[in-house]
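Reader: Before we discuss the fold, could you put the sequence and the structure in front of us, so that each point can be followed there?

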Amino acid sequence: MQETLNYINENKQRFVDELFELLRIPSISADPAYSNDVLKCAEVCAEHLKNAGADNVEVCTTKGYPIVFGEKLIDEKLPTVLVYGHYDVQPADPLELWKKPPFEPYIEKTELHPEGAIFARGSADDKGQFFMQIKAFEAMMKTNSLPCNVKFILEGEEEVGSVSLGSWVNENKEKLSCDCILISDTHIYSNEQPTVTTGLRGLSYVEVEVEGPNRDLHSGLYGGAVPNPIHVLSRMIAKLIDDDGRILIDGFYDNVEAVSDEERAEMNKLKDNPAEFKKSIGLNDVEGEKGYTTLERTSIRPTLDCNGIWGGYTGEGAKTVIPSKASAKISMRLVPYQTPEEITEKFTKYFEKIAPANVRVKVTPHHGGMPYVLPTDTKEYLAAKNAMQTAFGKEVLPYRGGGSIPITSMFEQVLGAKSVLMGFGLDSDAIHSPNEHYGLFNFYKGIESIPMFFENYSK
């Protein structure tokens, strides 16, 4: 292992230089204008896998963007780890809020990253993180210390819902057979308190529409006599959550996991700093479900949020209309043992129930995903915990994330393997936002920790 760590230390600058080349490719999967860049990024990823020592590297076609596959099988008697990452990135808009162009990476020191952070779109989500996996693999190959079999899949549609991944995985189950999946697409609690993500919430996402009159109406001629869809929708949204932060949808909490007092106590060992939390997002106070800490509200409890609302005239100047329609987008984060199908159905029934008789409502389901939990007594978790404790020189705690990675449940269902969520970013890295960045400390710690995970898991 020391030889592997020496190799990593000797090649740190090259690793960053190579990552910069990858970050310069604007592989935005959501915008067809960048389709050639997404395809180019897949080819570059394949070259990096080959150069690192992977065999049978392919750029596999799908109905959408390709999946890059590679493997190194050294002994069928040894366990196999499947590494997942995604090479597509979010759109960079609004461009005017970036300090420098989003696809021209640079390093700058910050309060949280005194050693410097890499600023660029995709630096933390997920190019910088999956690139750690490739460089760690390279270090093990170059020092002849790879302790088990490894397979890689890098997809190009994660930021648009991984629309092609499920069918491709189902069609290639034998090719992807493995004992566990290793994913670096999450974050740690802090550099002072490293964590392994042991849970993710699921998702139910819907769009709602309230329709009143058959056309926009003059507010002087009709105001006070007809329902205003914006008013109606606003009142309906207000009926979704009570003053104690409880979601009022009938049966919403029926299947919510009851987390033990012991696990809640372990979770709250993390140094929750309410003042710093409020300061970081510019708030004077927080809110949420009564009876739970901020850490619990953002991890083990389900939530409901209005993500957007519109209707009527929103252009320059004034236009005095009562709109015909008003709409909103609403997301619900789910916990074990809720399912997106169940919650979407319950939301729809409740929303229709609370609608007044003088309007029509429509609920359109969008994408969803299942929640995921990795028990802390599994060999996968323990291998990751021990690896990170060695690398950081600090106690590592379990941490449930509030976001969603629906593929984790799909992998377990199709491949029968648990996913280890061994990410190294910080939640302050501004992923999906202007000035996304990834600390050099975190990038290097990831490359150091990953070979230790392989060694621990193999043992």
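**Loops, strands and cores**

Reader: Between which two strands does the loop that holds Asn 435 lie?
Author: This is a predicted model, and in it the loop with Asn 435 is the one between β17 and β18. His 432 is found in that loop too, between β17 (418-421) and β18. The strands asked for are therefore β17 and β18.

Reader: Is Asn 435 buried or exposed, and what is its phi?
Author: Asn 435 has a relative accessible area of 16%, and because buried means under 20%, this residue counts as buried. Although Asn 435 is not a glycine, its phi is positive, at about 60°.

Reader: How does His 432 count in terms of accessibility?
Author: His 432 also has a positive phi, near 70°, in a residue other than glycine. Its relative accessibility is 41%, which lies between the limits of 20% and 50%, so His 432 counts as partly exposed.

Reader: In which order do the strands of the open sheet that includes β18 run?
Author: The sheet has 3 strands, and their pairing is antiparallel. β4 (106-108) and β18 (437-439) each pair on one side only, and they are the edge strands. Neighbouring strands are turned by 30° against each other on average, with direction ignored. The order is β4-β5-β18.

Reader: Which residue of β5 is the bridge partner of Ile 107?
Author: β4 pairs with β5 (residues 117-119) in the antiparallel sense, over 3 bridges. Across this pairing, the partner of Ile 107 in β5 is Ile 118.

Reader: How many residues of β3 are buried?
Author: Thr 80, Leu 82, Tyr 84 and His 86 point one way from β3, whereas Val 81, Val 83 and Gly 85 point the other way, and all are buried. In a regular strand the side chains alternate between the two faces of the sheet. β3 is largely enclosed by the rest of the structure, because the number of its residues that are buried is 7 of the 7.

Reader: Which residues stand opposite His 86 in β6 and Leu 82 in β7?
Author: β3 pairs in the parallel sense with β6 (residues 149-155) over 7 bridges, and 4 bridges join β3 to β7 (residues 180-183), again running parallel. Opposite His 86 stands Glu 155, and opposite Leu 82 stands Ile 181.

Reader: Which proline is joined to Asp 93 by a cis peptide bond?
Author: The loop to inspect lies between β3 (80-86) and β4. The omega of the bond is about -5°, and the residue joined to Asp 93 is Pro 94.

Reader: What is the omega of the cis peptide bond between Pro 336 and Tyr 337?
Author: Tyr 337 has its place in the loop between β13 (325-334) and α11 (340-353). The cis bond that joins Pro 336 to Tyr 337 has an omega of about 15°.

Reader: Which elements are included in what covers the buried residues of α2?
Author: Helix α2 (residues 12-23) reaches 17 Å from its first C-alpha to its last, close to the 16 Å expected. Its buried residues include Phe 15, Leu 19 and Leu 23. What covers the buried residues includes α1, α3, β4, β5, α4 and α14.

Reader: Which helix gives the largest share of the largest nonpolar core?
Author: That core has 89 residues, and among those that touch the most other members are Tyr 87, Phe 411 and Phe 443. The largest share, 9 residues, comes from helix α14.

Conventions
Residues are numbered from 1 along each chain as its sequence is written. This is a predicted model: local features need pLDDT of at least 70, side-chain atom pairs count only at pLDDT 80 or more; totals for chains, interfaces and linings use all residues. Side-chain values use heavy atoms; hydrogens and water are left out. A nonpolar core is a set of buried Ala, Val, Leu, Ile, Met, Phe, Trp, Tyr and Cys residues joined through side-chain atoms within 4.5 Å. Buried means under 20% relative accessible area, exposed over 50%, partly exposed in between (1.4 Å probe, protein chains only). Two strands pair if DSSP finds at least two bridges between them. Axes are lines fitted to C-alpha atoms, for helices over the stretch in contact, and angles run from 0 to 180 degrees between N-to-C directions. The expected span of a helix is 1.5 Å times one less than its number of residues. Contact means heavy atoms within 4.5 Å.
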